[in-house]
Amino acid sequence: MAEAIIAGTAVGAPASGLRPVIDLLFAPFLTYAMDALVNSAGKLRYLSGGQFEFPLVAMSMTGSGWCVGAQHNHNLEAMFAHAPGLKVVMPSTAADFKGLLKAAIRDDNPVLFFTDLALLHQEGEVPDGTDHLVPLGQAAVRRVGADVTLVSYAKTVGVCLQAAEQLQAQGIAAEVIDLRTLTPLDETTVLRSLRKTGRLVVITEASGLCGMAAELAALAVTRAFDALRAPVVRLTGPARPAHPRGCWNRPRCRPRRPWWRRCRACWETLWSGVRRLRRPDERIRC
């Protein structure tokens, strides 16, 4: 395992005027590079009093469903969002992958760039222009609605868009927000949408314990409690290792239904959160 050596070398490279881009493959192996990324890359600019810049892009693959087993499959993005000085990016489209990666390389701070495994084989339009950049820290409104806000990132953005289509057939207009960047978090876009809809459902594949879903729920309660018409709902992955037999590439293992509908309990949780208080004049009782 050479992740610690690769990351350590990359942290020192900016001192020579370089902008290193490293690929550490599977996200759980980032733990081997924790000292270099968290203790050095994330803090050196602060420790220098802003005199020096430490540009660095560390890429890694994450997400479930690809037969890689529990030791290769673990969503750790929230762990690095907790580390000061690091920026964390997780795109959901091919165009954003290009735009965010170019922006990350140009940024003067260390950036953790997580790629969802399930999206690597997803086709999408990619701008040809060399000037295509997606600013870090700017969320995207993928669908406009007025009844409920669905917030997500990476592969679960597609889940939210499909859910919004089904809700539309029931007369519920859902607004879908793609965070794109977890740190810095675009709080303005989320709060603006929440104040319009009054309802928030956060969907992530990562565990709900101390994760991005919890952060967004806290943001809604502390910054927009007066606008809430229903309790915030978090729909997250379980707090356990991925099953080693969760193979997506084998036909006999591939689910006949979309993976997000395999768990009936989770799916019903999502709908119950959306439907909980449908009357526009009904709000939470303190």
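Is Ser152 buried or exposed? At 1% relative accessibility, Ser152 counts as buried, since the limit for that class is under 20%. The tour returns to this residue after a view of the whole chain. The model on screen is a predicted one.

**Stop 1: the whole chain**

Display the chain as a cartoon. The secondary structure comprises nine helices and 10 strands. The chain has 286 residues, of which 50% count as buried. Among contacts with a separation of 6 or more, 82% are between residues 24 or more positions apart.

**Stop 2: Ser152 and its surroundings**

Select Ser152, which is found in strand E6. Leaving aside residues up to four places away in sequence, Ser152 touches Val157, Cys160, Ile177, Asp178, Leu179 and Ile203. Leu179, one of these contacts, is 27 residues from Ser152 in sequence, yet the two C-alpha atoms are 6.2 Å apart in space.

**Stop 3: the sheet that contains E6**

Now widen the selection to the strands around E6. Five strands form an open sheet of mixed pairing, in the order E5-E7-E6-E9-E10. Its edge strands are E5 (140-143) and E10 (233-237), each of which pairs on one side only. From one strand to the next, the twist averages 25°.

Within this sheet, select residues 148-152 and residues 200-207. These are strands E6 and E9, which pair in the parallel sense over three bridges. To find the register, select Thr149, which stands opposite Leu200 in E9. Next, add residues 156-169, which form helix H6. This helix packs on the sheet and touches E5, E6, E7 (174-178) and E9. The direction of H6 makes about 170° with that of E7.

**Stop 4: the other sheet**

Hide the previous selection and display strands E1, E2, E4, E3 and E8. In the order E1-E2-E4-E3-E8, these five strands form an open sheet, and the pairing is mixed. E1 and E8 (181-183) stand at the edges with a single partner strand each, so one side of each has no neighbour in the sheet. Neighbouring strands here are turned by 20° against each other on average, direction ignored.

Add residues 3-12 to the view. This is helix H1, which packs on the sheet and touches E1 and E2. The direction of H1 makes about 160° with that of E1.

**Stop 5: strand E2**

Select residues 56-62, strand E2. How many of the seven residues of E2 are buried? Seven of the seven are, so the strand is largely enclosed by the rest of the structure. Colour the side chains by direction: Leu56, Ala58, Ser60 and Thr62 point one way, while Val57, Met59 and Met61 point the other way. The residues of both groups are all buried.

The partners of E2 may be examined in turn. Strand E1 (residues 21-26) pairs with E2 in the parallel sense over four bridges. Two residues mark the register: Ile22 stands opposite Ala58, and Phe26 stands opposite Met61. Strand E4 (residues 110-116) also runs parallel to E2, and seven bridges join the two.

**Stop 6: Ser60**

Select Ser60, which lies in strand E2. With a relative accessibility of 2%, Ser60 counts as buried. Its bridge partner in E4 is Phe114. Not counting residues up to four places away in sequence, Ser60 touches Asp23, Leu25, Phe26, Ala27, Leu30, Phe113, Phe114 and Thr115.

**Stop 7: helices H7 and H8**

Finally, select residues 187-197 and residues 212-223, helices H7 and H8. Their axes come within 11 Å and cross at roughly 60°. The two helices are therefore oblique to each other, and their crossing is right-handed.

Show the side chains at the contact. From H7, Glu187, Val190, Leu191, Leu194 and Arg195 meet Leu216, Leu219, Ala220 and Arg223 in H8. What is the make-up of this contact in nonpolar, polar and charged residues? The residues divide into six nonpolar, no polar and three charged.

Technical notes:
Residues numbered from 1 in each chain as written. Predicted model: local features only at pLDDT ≥ 70, side-chain atom pairs only at ≥ 80, totals over all residues. Heavy atoms only, no water. Axes fitted to C-alpha atoms, helices over the stretch in contact; angles between N-to-C directions. Parallel < 35°, antiparallel > 145°, perpendicular 65-115°, else oblique. Left-handed = near helix turned anticlockwise from the far one by under 90°. Contact = heavy atoms within 4.5 Å. Nonpolar A, V, L, I, M, F, W, Y, C, P; charged D, E, K, R; others polar. Pairing = 2+ DSSP bridges. Buried < 20%, exposed > 50% of the residue type's maximum accessible area, 1.4 Å probe, protein only.
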